[in-house]
Amino acid sequence: MKIQTIGVVGAGSMGSGIANLAALNGFQVILRDIEERYLDNALQRMDQFMSKSVQRGKLTEEQKQEALGRISITTNLEEFSAADVVIEAVIEDLDLKKEVFRELDRIAREDVILATNTSSMSITEIASVTNRPERVAGMHFFNPAQLMRLVEVVRGYQTSDETVEELKELSRKLSKTPVEVKKDSPGFIVNRIMVPQFIEAIKLLEEGVASAEDIDQAVTLGLNYPMGPFTLQDFAGVDIGYHVMEYFKNEFNNDQYAPPLLLKQLVRSGRLGKKTGAGFYDYEEK
(Lines give C-alpha, C1' and ligand atoms only; values in the text may rest on other atoms or scores of the structure.)
Protein backbone atom coordinates (compact mmCIF):
# COMPACT_ATOMS: atom_id res chain seq x y z
CA MET A 1 0.00 0.00 0.00
CA LYS A 2 1.31 3.42 -0.92
CA ILE A 3 1.51 5.71 2.11
CA GLN A 4 0.99 9.41 1.46
CA THR A 5 -0.88 10.60 4.56
CA ILE A 6 0.19 9.74 8.10
CA GLY A 7 -2.17 10.25 11.01
CA VAL A 8 -0.67 10.94 14.45
CA VAL A 9 -2.82 10.70 17.59
CA GLY A 10 -1.42 12.80 20.43
CA ALA A 11 0.38 16.12 20.10
CA GLY A 12 2.73 15.84 23.04
CA SER A 13 6.50 15.69 22.81
CA MET A 14 6.57 12.36 20.95
CA GLY A 15 3.50 12.93 18.78
CA SER A 16 4.60 16.36 17.63
CA GLY A 17 8.10 15.04 16.92
CA ILE A 18 6.74 12.17 14.82
CA ALA A 19 4.42 14.55 12.95
CA ASN A 20 7.30 16.95 12.30
CA LEU A 21 9.52 14.09 11.13
CA ALA A 22 6.88 12.84 8.70
CA ALA A 23 6.27 16.31 7.27
CA LEU A 24 10.01 16.92 6.83
CA ASN A 25 10.19 13.69 4.82
CA GLY A 26 7.44 14.73 2.42
CA PHE A 27 4.35 13.09 3.94
CA GLN A 28 1.01 14.77 4.49
CA VAL A 29 0.21 14.69 8.22
CA ILE A 30 -2.99 14.79 10.25
CA LEU A 31 -2.18 15.59 13.90
CA ARG A 32 -4.93 15.16 16.45
CA ASP A 33 -5.29 15.95 20.14
CA ILE A 34 -8.23 16.54 22.46
CA GLU A 35 -7.79 20.33 22.78
CA GLU A 36 -6.65 23.10 20.45
CA ARG A 37 -4.10 24.39 22.97
CA TYR A 38 -2.14 21.13 22.81
CA LEU A 39 -2.08 21.37 19.02
CA ASP A 40 -0.98 25.01 19.12
CA ASN A 41 1.84 24.09 21.51
CA ALA A 42 2.87 21.26 19.19
CA LEU A 43 3.08 23.59 16.18
CA GLN A 44 5.13 26.01 18.25
CA ARG A 45 7.59 23.24 19.23
CA MET A 46 7.94 22.19 15.59
CA ASP A 47 8.52 25.78 14.50
CA GLN A 48 11.21 26.22 17.16
CA PHE A 49 12.91 22.93 16.24
CA MET A 50 13.01 23.75 12.54
CA SER A 51 14.09 27.35 13.17
CA LYS A 52 17.18 26.00 14.95
CA SER A 53 17.82 23.73 11.95
CA VAL A 54 17.57 26.76 9.66
CA GLN A 55 20.06 28.67 11.84
CA ARG A 56 22.49 25.74 11.64
CA GLY A 57 22.17 25.52 7.87
CA LYS A 58 20.56 22.07 7.93
CA LEU A 59 17.25 23.34 6.57
CA THR A 60 16.14 26.30 4.47
CA GLU A 61 13.32 28.63 5.48
CA GLU A 62 11.44 27.45 2.41
CA GLN A 63 11.77 23.79 3.46
CA LYS A 64 10.58 24.69 6.95
CA GLN A 65 7.46 26.43 5.63
CA GLU A 66 6.76 23.56 3.22
CA ALA A 67 6.92 21.07 6.12
CA LEU A 68 4.55 23.15 8.25
CA GLY A 69 2.21 23.37 5.26
CA ARG A 70 1.95 19.57 5.11
CA ILE A 71 0.56 19.37 8.66
CA SER A 72 -3.14 19.72 9.38
CA ILE A 73 -4.36 19.77 12.98
CA THR A 74 -7.67 18.60 14.37
CA THR A 75 -9.52 17.60 17.52
CA ASN A 76 -11.77 15.28 15.50
CA LEU A 77 -10.64 11.65 15.35
CA GLU A 78 -12.99 11.04 12.42
CA GLU A 79 -10.52 12.84 10.12
CA PHE A 80 -8.28 9.78 10.25
CA SER A 81 -10.56 8.23 7.64
CA ALA A 82 -8.17 9.96 5.17
CA ALA A 83 -4.98 8.45 6.66
CA ASP A 84 -2.95 5.66 5.04
CA VAL A 85 -1.33 4.72 8.34
CA VAL A 86 -2.02 5.92 11.89
CA ILE A 87 0.56 6.21 14.68
CA GLU A 88 -0.79 6.54 18.22
CA ALA A 89 1.36 8.57 20.62
CA VAL A 90 -0.88 9.26 23.62
CA ILE A 91 0.33 8.89 27.23
CA GLU A 92 1.42 5.47 28.52
CA ASP A 93 -2.01 4.47 29.80
CA LEU A 94 -3.09 1.06 28.49
CA ASP A 95 -6.81 1.67 28.92
CA LEU A 96 -6.58 4.98 27.05
CA LYS A 97 -4.60 3.38 24.24
CA LYS A 98 -7.18 0.61 23.89
CA GLU A 99 -9.96 3.20 23.77
CA VAL A 100 -8.12 5.08 20.99
CA PHE A 101 -7.52 1.89 18.99
CA ARG A 102 -11.14 0.83 19.32
CA GLU A 103 -12.17 4.14 17.73
CA LEU A 104 -9.42 4.07 15.10
CA ASP A 105 -10.48 0.58 14.06
CA ARG A 106 -13.96 1.94 13.39
CA ILE A 107 -12.76 5.04 11.52
CA ALA A 108 -9.72 3.97 9.47
CA ARG A 109 -9.99 1.98 6.23
CA GLU A 110 -9.69 -1.79 6.63
CA ASP A 111 -6.27 -1.92 4.96
CA VAL A 112 -4.73 0.81 7.15
CA ILE A 113 -2.00 -0.14 9.66
CA LEU A 114 -2.64 1.06 13.21
CA ALA A 115 0.70 1.51 14.98
CA THR A 116 1.42 2.40 18.59
CA ASN A 117 4.44 4.35 19.80
CA THR A 118 4.29 2.72 23.24
CA SER A 119 7.74 2.20 24.72
CA SER A 120 6.88 -0.89 26.75
CA MET A 121 3.25 -2.02 26.70
CA SER A 122 1.68 -5.09 25.11
CA ILE A 123 0.99 -4.73 21.39
CA THR A 124 -1.16 -7.86 21.58
CA GLU A 125 -3.44 -6.39 24.24
CA ILE A 126 -3.78 -3.09 22.37
CA ALA A 127 -4.59 -4.98 19.15
CA SER A 128 -7.19 -7.14 20.91
CA VAL A 129 -9.81 -4.37 20.82
CA THR A 130 -9.64 -4.14 17.01
CA ASN A 131 -10.98 -6.28 14.18
CA ARG A 132 -7.57 -6.12 12.46
CA PRO A 133 -4.94 -7.46 14.92
CA GLU A 134 -2.82 -8.55 11.94
CA ARG A 135 -2.58 -4.86 10.94
CA VAL A 136 -1.58 -3.62 14.42
CA ALA A 137 2.08 -3.29 15.48
CA GLY A 138 4.42 -1.23 17.58
CA MET A 139 6.37 1.58 15.94
CA HIS A 140 8.48 2.91 18.80
CA PHE A 141 10.31 6.14 18.03
CA PHE A 142 12.80 7.70 20.42
CA ASN A 143 12.82 11.27 21.73
CA PRO A 144 13.41 13.59 19.91
CA ALA A 145 11.88 11.70 17.01
CA GLN A 146 13.35 14.12 14.46
CA LEU A 147 16.93 13.26 15.51
CA MET A 148 17.05 9.78 17.05
CA ARG A 149 17.83 7.25 14.34
CA LEU A 150 16.19 4.09 15.73
CA VAL A 151 12.65 2.76 15.35
CA GLU A 152 11.63 -0.48 17.06
CA VAL A 153 9.04 -2.27 14.90
CA VAL A 154 7.26 -4.60 17.33
CA ARG A 155 5.15 -7.64 16.55
CA GLY A 156 1.97 -8.39 18.43
CA TYR A 157 0.92 -12.04 18.65
CA GLN A 158 -1.14 -11.75 15.44
CA THR A 159 0.83 -9.08 13.54
CA SER A 160 1.38 -10.17 9.94
CA ASP A 161 4.73 -10.34 8.18
CA GLU A 162 3.37 -7.90 5.60
CA THR A 163 2.57 -5.32 8.29
CA VAL A 164 6.07 -5.60 9.77
CA GLU A 165 7.72 -5.17 6.38
CA GLU A 166 5.55 -2.15 5.51
CA LEU A 167 6.44 -0.42 8.80
CA LYS A 168 10.14 -1.16 8.33
CA GLU A 169 9.96 0.36 4.85
CA LEU A 170 8.06 3.38 6.21
CA SER A 171 10.76 3.80 8.87
CA ARG A 172 13.40 3.96 6.15
CA LYS A 173 11.37 6.54 4.22
CA LEU A 174 11.36 8.57 7.44
CA SER A 175 15.18 8.39 7.41
CA LYS A 176 15.26 5.95 10.34
CA THR A 177 16.87 2.58 10.94
CA PRO A 178 14.29 -0.06 11.91
CA VAL A 179 14.93 -3.11 14.08
CA GLU A 180 12.37 -5.89 14.37
CA VAL A 181 11.19 -7.03 17.78
CA LYS A 182 10.01 -10.57 17.05
CA LYS A 183 8.13 -11.21 20.31
CA ASP A 184 5.74 -8.97 22.22
CA SER A 185 7.80 -8.67 25.40
CA PRO A 186 7.59 -5.72 27.84
CA GLY A 187 10.09 -2.97 27.06
CA PHE A 188 11.01 -4.51 23.70
CA ILE A 189 14.79 -4.14 23.24
CA VAL A 190 16.03 -0.74 24.40
CA ASN A 191 13.89 -0.27 27.51
CA ARG A 192 14.39 -3.89 28.54
CA ILE A 193 18.10 -3.12 28.72
CA MET A 194 17.87 0.50 29.91
CA VAL A 195 15.31 0.28 32.74
CA PRO A 196 17.42 -2.07 34.91
CA GLN A 197 20.30 0.38 34.45
CA PHE A 198 18.07 3.21 35.71
CA ILE A 199 17.09 1.12 38.74
CA GLU A 200 20.71 0.35 39.62
CA ALA A 201 21.71 4.01 39.20
CA ILE A 202 18.92 5.10 41.58
CA LYS A 203 19.97 2.46 44.11
CA LEU A 204 23.57 3.70 43.95
CA LEU A 205 22.27 7.19 44.74
CA GLU A 206 20.00 5.93 47.55
CA GLU A 207 22.87 4.00 49.12
CA GLY A 208 25.14 7.06 49.05
CA VAL A 209 27.70 5.33 46.84
CA ALA A 210 28.02 8.46 44.68
CA SER A 211 26.20 11.68 43.81
CA ALA A 212 23.80 11.95 40.86
CA GLU A 213 26.31 14.20 39.09
CA ASP A 214 29.17 11.73 39.51
CA ILE A 215 27.04 8.74 38.47
CA ASP A 216 25.97 10.61 35.35
CA GLN A 217 29.57 11.55 34.57
CA ALA A 218 30.80 8.01 35.18
CA VAL A 219 28.24 6.62 32.73
CA THR A 220 28.81 9.24 30.03
CA LEU A 221 32.60 8.96 30.19
CA GLY A 222 32.93 5.29 31.10
CA LEU A 223 30.24 3.83 28.83
CA ASN A 224 30.30 6.59 26.21
CA TYR A 225 26.56 7.26 26.59
CA PRO A 226 25.38 10.70 25.42
CA MET A 227 23.48 11.24 28.71
CA GLY A 228 23.78 9.85 32.20
CA PRO A 229 20.83 7.97 33.74
CA PHE A 230 19.54 10.88 35.83
CA THR A 231 19.80 13.48 33.07
CA LEU A 232 18.02 11.08 30.72
CA GLN A 233 15.23 10.28 33.20
CA ASP A 234 14.67 13.98 33.82
CA PHE A 235 14.55 14.60 30.08
CA ALA A 236 12.13 11.74 29.34
CA GLY A 237 9.97 12.27 32.43
CA VAL A 238 10.52 10.75 35.86
CA ASP A 239 6.90 9.62 35.98
CA ILE A 240 7.25 7.71 32.70
CA GLY A 241 10.17 5.71 34.09
CA TYR A 242 8.17 5.00 37.24
CA HIS A 243 5.16 3.67 35.30
CA VAL A 244 7.38 1.54 33.04
CA MET A 245 9.05 -0.05 36.08
CA GLU A 246 5.64 -0.81 37.63
CA TYR A 247 4.51 -2.33 34.34
CA PHE A 248 7.65 -4.49 34.13
CA LYS A 249 7.22 -5.65 37.72
CA ASN A 250 3.63 -6.73 37.10
CA GLU A 251 4.14 -8.27 33.64
CA PHE A 252 7.25 -10.26 34.60
CA ASN A 253 5.96 -10.91 38.15
CA ASN A 254 9.41 -9.93 39.37
CA ASP A 255 10.15 -7.41 42.13
CA GLN A 256 13.62 -6.70 40.73
CA TYR A 257 11.88 -4.26 38.37
CA ALA A 258 10.03 -2.43 41.17
CA PRO A 259 10.69 1.34 41.22
CA PRO A 260 13.05 2.32 44.05
CA LEU A 261 11.68 4.38 46.93
CA LEU A 262 13.55 7.52 45.84
CA LEU A 263 11.80 7.42 42.47
CA LYS A 264 8.42 7.04 44.16
CA GLN A 265 9.18 10.03 46.36
CA LEU A 266 10.06 12.20 43.35
CA VAL A 267 6.79 11.30 41.63
CA ARG A 268 4.76 11.91 44.81
CA SER A 269 6.36 15.32 45.25
CA GLY A 270 5.68 16.35 41.64
CA ARG A 271 9.36 16.39 40.65
CA LEU A 272 8.78 14.83 37.23
CA GLY A 273 11.84 16.13 35.41
CA LYS A 274 12.54 19.08 33.12
CA LYS A 275 8.85 19.48 32.26
CA THR A 276 8.09 20.48 35.86
CA GLY A 277 11.37 22.32 36.51
CA ALA A 278 12.75 19.66 38.85
CA GLY A 279 13.43 15.93 38.96
CA PHE A 280 16.69 14.40 40.07
CA TYR A 281 18.10 17.89 39.32
CA ASP A 282 16.68 21.38 39.89
CA TYR A 283 16.34 23.15 36.54
CA GLU A 284 14.66 26.40 37.55
CA GLU A 285 17.64 27.26 39.75
CA LYS A 286 20.01 26.54 36.85
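# Briefing: aromatic rings, overall build and three residues

The structure contains 4 aromatic pairs. In one of them, the ring centres of phenylalanine 248 and phenylalanine 252 lie 5.8 Å apart with their planes at 85°, so this pair is edge-to-face, an arrangement that requires planes over 60 degrees apart. The model described here is a predicted one, and the points below take up the aromatic residues, then the whole protein, and then three single residues.

**The aromatic cluster**

- Phenylalanine 248 and phenylalanine 252 both belong to helix 10, which covers residues 238-252, and because they are 4 residues apart in this helix, about one helical turn separates them.
- Phenylalanine 248 has a relative accessible area of 0% and is therefore buried, since the cut-off for that class is under 20%.
- Phenylalanine 252, with a relative accessibility of 27%, counts as partly exposed, because this value falls between the 20% limit for buried residues and the 50% limit for exposed ones.
- Phenylalanine 248 also pairs with tyrosine 257: the centres of these two rings are 5.5 Å apart and their planes stand at 85°, so this pair, too, is edge-to-face.
- Tyrosine 257 has a relative accessibility of 8%, and for this reason it counts as buried.
- Taken together, Phe248, Phe252 and Tyr257 make up one aromatic cluster.

**The protein as a whole**

- The protein is built with 11 helices and 8 strands.
- Its radius of gyration is 19 Å, close to the 19 Å that the globule rule gives for 286 residues, so the protein is as compact as a globular protein of that length.
- Measuring along the principal axes is one way to picture the extent of the chain, and on that basis the C-alpha atoms fill a box of roughly 55 × 45 × 35 Å.
- Of the 286 residues in the protein, 50% are buried.
- Among the contacts with a separation of 6 or more, 65% are between residues that stand 24 or more positions apart.
- The area that the protein exposes comes to about 14,100 Å², and 48% of this area is supplied by carbon and sulfur atoms.
- The protein carries 33 positive and 44 negative charges, and the mean positions of these two groups are 3 Å apart.

**Threonine 5**

- Threonine 5 is part of strand 1, which covers residues 5-9, and with a relative accessibility of 15% threonine 5 counts as buried.
- When neighbours within four places in sequence are left aside, the contacts of threonine 5 are with Gln28 and Ile30, and also with Ala82, Ala83, Asp84 and Val85.

**Aspartate 105**

- Aspartate 105 lies in helix 4, which covers residues 94-107, and its relative accessible area of 11% is under the 20% cut-off, so aspartate 105 is buried.
- Not counting residues up to four places away in sequence, aspartate 105 touches Leu114 as well as Thr130, Asn131 and Arg132.

**Serine 160**

- Serine 160 sits in the loop that runs between strand 7 (150-155) and helix 6 (161-173).
- Apart from its neighbours within four places in sequence, serine 160 is in contact with Glu134 and Arg155.
- Serine 160 and tyrosine 38 are 122 residues apart along the chain, and a distance of 34 Å separates their C-alpha atoms.

Definitions and conventions. Residues are numbered from 1 along each chain as its sequence is written. This is a predicted model: local features need pLDDT of at least 70, side-chain atom pairs count only at pLDDT 80 or more; totals for chains, interfaces and linings use all residues. Side-chain values use heavy atoms; hydrogens and water are left out. Helices (H or I, at least four residues) and strands (E, at least two) are DSSP runs, numbered from the N terminus. Contact means heavy atoms within 4.5 Å. Buried means under 20% relative accessible area, exposed over 50%, partly exposed in between (1.4 Å probe, protein chains only). Rings of Phe, Tyr and Trp (its six-membered ring) pair if their centres lie within 6.5 Å; planes under 30 degrees apart count as stacked, over 60 as edge-to-face and the rest as tilted. The radius of gyration is taken over C-alpha atoms; the globule rule is 2.2 Å times the number of residues to the power 0.38. Accessible areas come from the Shrake-Rupley method with a 1.4 Å probe; for residues, only the protein chains shown count as cover. Lys and Arg count as positive and Asp and Glu as negative; His and the chain ends are not counted. The place of a charge is taken as NZ of Lys, CZ of Arg, CG of Asp or CD of Glu.
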